[in-house]
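Reader: I would like to learn how to read aromatic pairs and backbone features in a model. Where do we begin?

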Amino acid sequence: MKQHRLAAGAQDIHGADHAAQHAVFISDLLRGQGDPVPVVIFVPGGGFARPMSKGRVTWASGIADKGFLTVVADYRGYDSAPFPAPVEDLVTAIRFVRKNAALYGGDPERIVLLGGSAGGYLSLMAAYAGDQFSHPGDDRGVSCEVSGVIDLYGPVDPLFGGTE
């Protein structure tokens, strides 16, 4: 049976005023592997109100099984912080991952965002306009660019669903 471990040291990266926790999953398949592996940052949905980070362990583990370093990014929902806080949190997470990926065997130059529903929307926003959504304390010397985005059923047209 494949084993995964939750990497230590990848928790509160924002501080007490806007804390978010990011879980890093490393498959046992990656132990002892010489070359850095691609990184997938999974951004869960949750209707923008309550990100469902804790419920996505199975997804993260499955992605890690395929040979990717997998990070489940957490972000504040609108019930605790207004827009653009969730995008700012994701941009901070990208910078954190880029800066620390090598510690976990990941390649900081091969980072992809994978988001479902609200997480897909936030992934697109962070990928296409990341530098416009940075926390004041972010290290802008660390790039927030990503190699790609996989949007799983995230809203992309703000006018869709309106009246006809």
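Author: We begin with burial. At 12% relative accessibility, Phe133 counts as buried, because the cut-off for buried is under 20%. Keep in mind that this is a predicted model.

Reader: How is a pair of aromatic rings described?

Author: A pair of aromatic rings is described by the distance of the centres and the angle of the planes. Ring centres must lie within 6.5 Å, and planes over 60 degrees apart count as edge-to-face.

Reader: How many aromatic pairs does that rule give here?

Author: The count is two aromatic pairs. Take Phe48 and Tyr121. Their ring centres are 5.5 Å apart and their planes stand at 80 degrees, so this pair is edge-to-face.

Reader: Which parts of the chain does the pair of Phe48 and Tyr121 tie together?

Author: Phe48 sits in the loop between β3 (37–43) and α1 (57–65). Tyr121 belongs to helix α3 (residues 118–129). The pair therefore ties together parts that are 73 residues apart in sequence.

Reader: Are Phe48 and Tyr121 buried or exposed?

Author: Phe48 is partly exposed, at 26% relative accessibility. Tyr121 is also partly exposed, at 25%.

Reader: What about the rings of Phe83 and Phe133?

Author: Their centres are 5.8 Å apart and the planes are at 70 degrees, so the pair is edge-to-face. It links distant parts of the chain, 50 residues apart. Phe83 is in the loop between β4 (69–72) and α2 (85–100). Phe133 is in the loop between α3 and β6 (148–152). Phe133 is buried, whereas Phe83 is partly exposed with a relative accessible area of 47%.

Reader: Now the backbone. Is the peptide bond from Phe83 to Pro84 cis or trans?

Author: That bond is cis, with omega near 15 degrees. Pro84 lies in the loop between β4 and α2.

Reader: Next, phi. What is the sign of phi at Ser117?

Author: Positive. Ser117 has a phi of about 60 degrees, although it is not a glycine. Ser117 is in the loop between β5 (106–116) and α3. Its relative accessible area is 26%, so Ser117 is partly exposed.

Reader: And what is phi of Tyr153?

Author: Phi of Tyr153 is near 55 degrees, again a positive value in a residue other than glycine. Tyr153 lies in the segment after β6.

Reader: Is Tyr153 buried or exposed?

Author: Exposed. The relative accessible area of Tyr153 is 59%, and the cut-off for exposed is over 50%.

Conventions: Residues are numbered from 1 along each chain as its sequence is written. This is a predicted model: local features need pLDDT of at least 70, side-chain atom pairs count only at pLDDT 80 or more; totals for chains, interfaces and linings use all residues. Side-chain values use heavy atoms; hydrogens and water are left out. Rings of Phe, Tyr and Trp (its six-membered ring) pair if their centres lie within 6.5 Å; planes under 30 degrees apart count as stacked, over 60 as edge-to-face and the rest as tilted. Helices (H or I, at least four residues) and strands (E, at least two) are DSSP runs, numbered from the N terminus. Buried means under 20% relative accessible area, exposed over 50%, partly exposed in between (1.4 Å probe, protein chains only).
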